[in-house]
Amino acid sequence: MNHAIQALAGLALTIPAIAQAAEDPAVPEVSQVVLAKADRSEAATRVVNWISAARDNGRLPYIVIDKPAATMFLFDAKGKQLAKAPVLLGIALGDDATPGIGSKNLSEIGPAEKTTPAGRFLARYGIAAGKQKVLWVDYATSVAIHTIPTGKPKEQRVKRMLSPTGEDNRITFGCINVPKAAYTKVQQQFGRRGGYVYVMPDVKQVEEVFPRLLVEPYLTR
């Protein structure tokens, strides 16, 4: 695990698809958005309980991205929930990334490819193109967690994040946009060592994405 983290930290990250997805201070302030749009989905609740019971996160902090609820849950290494916030996700429903998508320019990515992949990821901070710092969820597929970028005001990402439902939260190329206040808390927890990110599925069964859930009933016996 440590070797994987060190290798990721040393990479020169220059993926074109992230060049326009970095944080920009000119974005309207949404740091006061601290409440999620919905409670946890049933799948996310099961995963949260399993992580706690199995201590799947080891000694690292972790994030649960509940795609059905368009919500992020941040936990410290001991499993204490520290933050709950709305998120923006990939435009397309789907749980798999297109092979080779990490090497494409944004203009080359088709609508059906703009998914936020589901799964368990070892995440760490790194530098994206444009010398912007992001939390890499999956470097190979260019998926990162960061605040709302500028560049396309007509997308109204701030308005989407502030809206009372999660139906309009599908707008990114696959990255996960979070409010500034929540992002600051993520930075404080993940820091140098990184942590885990668990992304809930859109269409797959949760057991298919997290097969260890099949032993969940036996963890507390």
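**Exercise 1. The surroundings of Met 72**

Which residues does Met 72 touch, not counting residues up to four places away in sequence?

*Solution.* Met 72 touches Ile 63, Val 64, Ile 65, Ala 83, Lys 84, Ala 85, Val 87, Val 178, Ala 182 and Val 186, with residues up to four places away in sequence left out of the list. A contact here means heavy atoms within 4.5 Å. The model is predicted: local features need pLDDT of at least 70 and side-chain atom pairs count only at pLDDT 80 or more, whereas totals for chains, interfaces and linings use all residues. Residues are numbered from 1 along each chain as its sequence is written, and side-chain values use heavy atoms, with hydrogens and water left out.

**Exercise 2. The strand that carries Met 72**

How many residues of β2 are buried, and which way do they point?

*Solution.* Buried means under 20% relative accessible area, exposed over 50%, and partly exposed in between, with a 1.4 Å probe and protein chains only. Strands (E, at least two residues) and helices (H or I, at least four) are DSSP runs, numbered from the N terminus.

1. Five of the five residues of β2 are buried, so this strand is largely enclosed by the rest of the structure.
2. Thr 71, Phe 73 and Phe 75 point one way from β2, and Met 72 and Leu 74 point the other way.
3. In a regular strand, side chains alternate between the two faces of the sheet.

**Exercise 3. Partners and turns of β2**

Which residues stand opposite Asp 66 and Phe 73, and what phi is found in the hairpin turns?

*Solution.* Two strands count as paired if DSSP finds at least two bridges between them.

1. β1 and β2 pair in the antiparallel sense over five bridges, and Thr 71 in β2 is the bridge partner of Asp 66.
2. This hairpin has four residues between its strands, and Ala 70 takes a positive phi near 50°.
3. Five bridges also join β2 to β3, again antiparallel, with Phe 73 opposite Lys 84 in β3.
4. Five residues separate β2 from β3 in their hairpin, where Gly 79 takes a positive phi near 95°.

**Exercise 4. The hairpins of β6**

How many bridges join β5 to β6, and how many join β6 to β7?

*Solution.*

1. β5 and β6 run antiparallel and are joined by five bridges; Trp 136 in β6 is the bridge partner of Arg 124.
2. Three residues lie between β5 and β6 in their hairpin, and Gly 130 in the turn has a positive phi of about 90°.
3. The hairpin of β6 and β7 has four residues between the strands, with Ser 142 in the turn at a positive phi of about 65°.
4. β6 and β7 pair in the antiparallel sense over three bridges, and Asp 138 stands opposite Val 143 in β7.
5. Five of the seven residues of β6 are buried, and the strand is mostly covered.

**Exercise 5. The sheet and its helices**

What is the strand order of the open sheet, and which strands do α2 and α4 touch?

*Solution.* Axes are lines fitted to C-alpha atoms, for helices over the stretch in contact, and angles run from 0 to 180 degrees between N-to-C directions.

1. The eight strands follow the order β3-β2-β1-β10-β5-β6-β7-β9, with mixed pairing.
2. β3 and β9 (176–177) are the edge strands, each pairing on one side only.
3. Helix α2 (residues 42–54) packs on the sheet and touches β1, β2 and β10, its direction making about 165° with that of β1.
4. α4 also packs on the sheet, touching β1, β2, β3, β5, β6, β7 and β10; the direction of α4 makes about 35° with that of β2.

**Exercise 6. The buried side of α4**

Which residues of helix α4 are buried, and why do they lie on the same side?

*Solution.*

1. In α4 (residues 180–190), Lys 180, Ala 182, Tyr 183, Val 186 and Phe 190 are buried.
2. These residues cover an arc of only 155° around the axis, which puts them on the same side of α4; the arc is that of the directions from the helix axis to the C-beta atoms.
3. Gly 191 follows α4 and has a positive phi near 40°.

**Exercise 7. The nonpolar cores**

Which members of the largest nonpolar core touch the most other members?

*Solution.* A nonpolar core is a set of buried Ala, Val, Leu, Ile, Met, Phe, Trp, Tyr and Cys residues joined through side-chain atoms within 4.5 Å.

1. Of the 23 residues in the largest core, Ile 63, Met 72, Ile 145, Phe 190 and Val 197 touch the most other members.
2. At least two residues of this core come from each of β1 (62–66), β2 (71–75), β3 (81–86), β5 (119–128), β6 (132–138), β7 (143–146), α4 and β10 (195–199).
3. α4 gives the most, with four residues.
4. Apart from this core lies another, of 18 residues, among them Tyr 196, Met 200, Val 209 and Phe 210.
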